[in-house]
Amino acid sequence: MSVASIFETMEYGPAPESKEMAEKWLKDRKPNLKQFINGKWVAPKSKKYMVSNNPCSQKKLASVPLSNKADVNDAVNAADKALSGWVKLGGHGRARYLYAIARQIQKHSRLFAVLESLDNGKPVRETRDIDIPLVARHFYHHAGWAQLQSEKLPEYKEIGVVGQIIPWNFPMLMLSWKIAPALAMGNTVVLKPAEFTSLTALLFAEICEQVGLPDGVVNIITGDGATGAEMVNHPKIGKIAFTGSTEVGKIIRRATADTEKKISLELGGKSPFVVFEDADLDSVVEGVVDAIWFNQGQVCCAGSRLLVQESIAEKLYKKIRSRMEKLRIGNALDKGIDIGAIVAPVQLKTIEDLVQKGVEEGAELWQPSWECPSDGCFYPPTLFTNVAPASLIAQEEIFGPVLVAMSFRTPEEAVMLANNTRYGLAASIWTENINLALDIAPKIKAGTMWINCTNMFDAASGFGGYRESGFGREGGIEGLYEYVKLKVEEEFKPEQKQKEVAEKASAQKNGLPTIDKTAKFYVGGKQQRPDGGYMQNVLDTKGNVIGQVGEGNRKDIRNAVEAAHAASKWANATAHNRAQVLYYLAENLEARADEFAERISSALNQSTRKSMQEVEASIERIFIYAAFADKYDSHVHATPYRNVTLAMKEPLGVMGIVCPNEAPLLGFISAVIPAIAMGNTVVAIPSETAPLLATDLYQVLETSDVPGGVINIITGNKDELSKVLANHDDVDGLWYFGSKEGSTKVQFAAAENMKRTWVNFGRNRDWFNPKHVTPEYFLRHATQIKNIWVPYGE
Ligand code: NAI
Ligand code: MG
């Protein structure tokens with residue numbers, strides 16, 4: 001091509017990044033890569049290997065260990081052995097290592113960027129400018145958290161050995177999101193990268209070696225889903241952090257349901273990209289490119305559903321099409337390309353199949369006129385218009401460069417469409433009207449909200465989802481809590497006696513009652529009879545019948561959940577307003593303190609003086625949460641861009657709360673009040689041993705102006721009712737204070753819709769001991785953080 005003709009056509013020439021260093025790195029490690037266990041490079045006990053390819057050429061890059069159970073076991077034991085030393089090192093010591101890792105990553109950033117691009121197929125421009133700088137930033141930021149741990153999280157300690165399983169779309173970035181907070185908080189790690197992209201994780205292990213990280217603190221094993229499953233099932237692992245498909249997320253939830261392993265799951269998405277008619281359309285077009293063609297659309301939070309206001313829809317589609325025509329696809333190491341290769345043929349096939357379904361469903365397909373290179377795993381940028389909201393391509397995560405567009409007329413309709421998904425990871429909102437943007441942002445159910453921007457990430461801001469996008473956050477202070485546990489938890493004891501009483505009570509269900517009191521349910525602010533018409537006896541601790549309560553069933557729970565939903569306005573009441581209602585509640589409980597004390601005495605056969613202490617403690621606890629209602633406030637994260645990142649604490653929505661058997665009144669109050677203080681509405685299952693303490697509250701709730709439906713109370717068999725709550729699609733979070741078996745059932749059942757659960761595994765806190773009921777801990781479980789990114793300036 002002559003200079004004159006280049007000048008004429010303005011065609012881009014290739015601008016290849018050198019792969020020499022990366023190829024040398026691979027050559028030096030032939031024939032097989034090893035894994036990093038206990039500070040040593042070891043061949044897999046399985047003696048098996050898998051191949052990692054370059055998606056742009058389909059050629060083999062390396063062979064990588066395919067580890068088995070024995071390898072996983074070695075890695076976990078190494079991490080376990082390293083734990084006490086790593087904890088003892090203290091925050092400052094750990095900060096120094098994290099800082100050293102960050103420095104080394106920066107020094108080797110070019111090698112990381114090229115190796116990542118070769119192994120994954122993503123443009124080197126992205127790995128060089130986005131992935132690897134963010135990786136370094138993550139380690140720097142968490143070096144800071146290690147240093148500040150004792151200052152900022154004094155009540156918490158490390159969990160222990162954590163198992164981390166990551167996907168192939170952002171191999172190094174996901175590694176840093178997992179390893180940095182884990183190490184900062186004093187945990188040791190076994191991490192498994194995804195089978196398609198193990199290389200940079202092994203390079204990272206070399207960095208750990210270079211900085212002299214103590215043996216066993218970080219172990220990197222490679223392998224496939226079966227290797228991951230061995231990690232999930234290993235008894236010495238205290239926490240599993242996973243990023244990947246919703247399908248595997250559910251498998252992990254179920255596999256760990258009968259254990260006390262903590263889990264955090266960052267799963268799929270179908271994130272809306274909402275464009276209002278007053279948006280700056282040229283910025284929108286570039287936003288769309290970043291939302292769905294960044295990383296070939298293989299991004300969990302990709303803006304894959306374009307929702308456009310009808311008046312500008314055609315105009316915007318036209319602009320997008322002409323921009324698509326100019327996108328450049330090709331070898332990932334070419335610095336001038338926009339779109340690289342899809343990670344593997346299997347993923348390409350998934351994309352092709354889903355696109356085919358879209359065509360069959362009658363949506364209108366548009367792709368640029370140019371052809372993709374034929375020697376790698378390439379797929380062209382694709383736009384579907386005329387898409388029905390319920391169609392497969394509008395609902396399923398495609399995980400490829402495919403955008404589906406729909407239009408809306410009003411902001412309300414935009415919100416409805418945006419929330420018409422089982423996921424809730426992220427959303428972006430485009431409008432020049434800040435009032436509109438900030439009105440819409442809280443209404444869309446997703447963990448991250450980008451206003452006039454998209455796919456912005458930073459270590460200081462938590463990332464994670466709602467609903468089937470999983471739970472837990474990565475980044476920011478909110479992310480640290482995933483890697484710690486309350487120190488005081490170790491004091492919680494199994495309480496045998498209460499359990500026996502409960503068993504006795506249920507055994508006597510059909511005995512002949514001497515009825516003292518019959519309590520109905522409380523639903524939507526009204527007393528209601530049980531649907532099944534069954535009552536059960538309530539016994540005191542000596543086995544005497546002291547009353548009857550309704551025996552709730554599935555239908556009763558459904559009615560209560562409906563009532564709780566109908567009361568969702570409670571979330572929009574001002575915090576001051578909610579506080580006032582709670583103070584009033586405390587006041588009215590005080591007015592009837594004698595009556596409640598007597599009731600407790602008759603249920604527990606104890607002195608009135610002792611019972612009065614429980615009533616007084618309950619009143620004080622209501623005061624505590626009334627106080628916190630307008631003080632557990634949100635903050636602004638210091639992300640390094642020209643924007644305000646609002647970390648908004650939001651209520652979960654409708655919560656199921658299964659109250660403890662110990663301390664029948666105080667337990668109920670301590671669990672239910674923090675939830676409503678934050679704006680949740682609640683379906684509560686009171687103590688099985690003394691449910692009358694909860695049912696006696698009806699009148700107090702009524703006289704205290706607690707709006708109908710904010711607290712709903714259904715009595716009955718705790719474990720049966722909690723299973724119904726766990727299965728219910730419209731319950732957003734579930735707390736369960738009860739038996740080990742009950743906890744297991746709740747966690748297992750909740751896997752279906754991935755709701756957040758908090759269970760106690762049969763270990764009871766002392767509800768009178770303020771240290772066991774740290775308000776901050778309860779409030780955190782009653783809220784989730786939504787990070788709203790609001791850019792400013794030009
Ligand atoms: P995947 O969920 O199967 O793999 C993610 C990681 O989990 C890998 O390290 C894999 O080895 C491991 N794994 C697989 N099965 C496991 C098990 N039973 N127990 C423990 N670990 C297990 O995802 P895959 O098959 O690579 O991609 C399939 C789809 O998942 C994609 O098309 C996309 O829709 C979604 N996905 C979402 C990601 C996200 O960032 N949220 C990332 C990757 C995939
Ligand atoms: Mg590869």
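Helices and strands are here DSSP runs, numbered from the N terminus, a helix having at least four residues and a strand at least two. With that numbering, R467 falls in the loop between β17 (448–451) and β18 (470–471). The structure is a predicted model, and R467 offers a convenient place to begin reading its backbone.

Phi of R467 is near 50°, which is a positive value in a residue other than glycine. R467 has a relative accessible area of 27% and is therefore classed as partly exposed. A second residue with a positive phi is N386, where the angle is near 60° and the residue is again not glycine. N386 is placed in the loop between β14 (382–385) and α14 (392–395). Its relative accessibility is 57%, so N386 counts as exposed. The peptide bond from K30 to P31 is also notable, being cis with omega near 0°. P31 belongs to the loop between α2 (20–28) and β1 (35–37). These features merit attention because most residues other than glycine have a negative phi, and most peptide bonds are trans.

The next subject is ligand 1. Which residues come nearest to it among the 26 around it? They are I166, W168, K192, E195 and S245. By class, the shell around ligand 1 comprises 13 nonpolar, 8 polar and 5 charged residues. Two elements, α9 (225–233) and β9 (239–243), each supply at least two residues of this shell. Of the contributing elements, α9 gives the most, with 4 residues.

Polar atoms of the protein also approach ligand 1. A polar side-chain atom of E397 lies 3.0 Å from an oxygen atom of ligand 1, and a polar side-chain atom of N169 lies 3.3 Å from an oxygen atom of the ligand. G244 takes part through its backbone: an N or O atom of its main chain lies 3.3 Å from a nitrogen atom of ligand 1. Taken alone, ligand 1 exposes 820 Å², and the protein buries 84% of that area.

The second ligand is a magnesium ion. Its protein donors are N53 (O), D119 (O), D119 (OD) and F196 (O), at 2.3 to 2.6 Å from the ion. Along the chain, the donors follow the spacing N-x65-D-x76-F. The pair of N53 and F196 links distant parts of the chain, 143 residues apart. N53 is in strand β3 (residues 49–54), whereas F196 is in the loop between β7 (188–192) and α8 (199–210). N53 has a relative accessibility of 32% and so counts as partly exposed. F196 is likewise partly exposed, because its relative accessible area is 27%.

The cysteines remain to be considered. How many disulfides does the structure hold? The number is 0. For C300, the closest cysteine sulfur is that of C301, and the two sulfurs are 4.5 Å apart, which is too far for a bond. The cut-off behind this reasoning is that a disulfide requires a pair of cysteine sulfur atoms within 2.5 Å. C300 counts as buried because its relative accessibility is 11%. C372 is in no disulfide either, and its nearest cysteine sulfur, that of C377, is 11 Å away.

Note on methods: Residues are numbered from 1 along each chain as its sequence is written. Chains are lettered from A and ligands numbered from 1 in the order in which they are written. This is a predicted model: local features need pLDDT of at least 70, side-chain atom pairs count only at pLDDT 80 or more; totals for chains, interfaces and linings use all residues. Side-chain values use heavy atoms; hydrogens and water are left out. A residue is near a molecule or strand if one of its heavy atoms lies within 4 Å of it. A polar contact is a pair of N or O atoms within 3.5 Å; within protein, one must be able to donate a hydrogen and the other to accept it, and residues adjacent in sequence count only if both atoms are side-chain atoms. Accessible areas come from the Shrake-Rupley method with a 1.4 Å probe; for residues, only the protein chains shown count as cover. Ala, Val, Leu, Ile, Met, Phe, Trp, Tyr, Cys and Pro count as nonpolar, Asp, Glu, Lys and Arg as charged, and the others, Gly among them, as polar. Donors are N, O and S atoms within 2.8 Å of the metal (3.2 Å for Na, K and Ca); water is not among the atoms, so sites may look incomplete. Buried means under 20% relative accessible area, exposed over 50%, partly exposed in between (1.4 Å probe, protein chains only).
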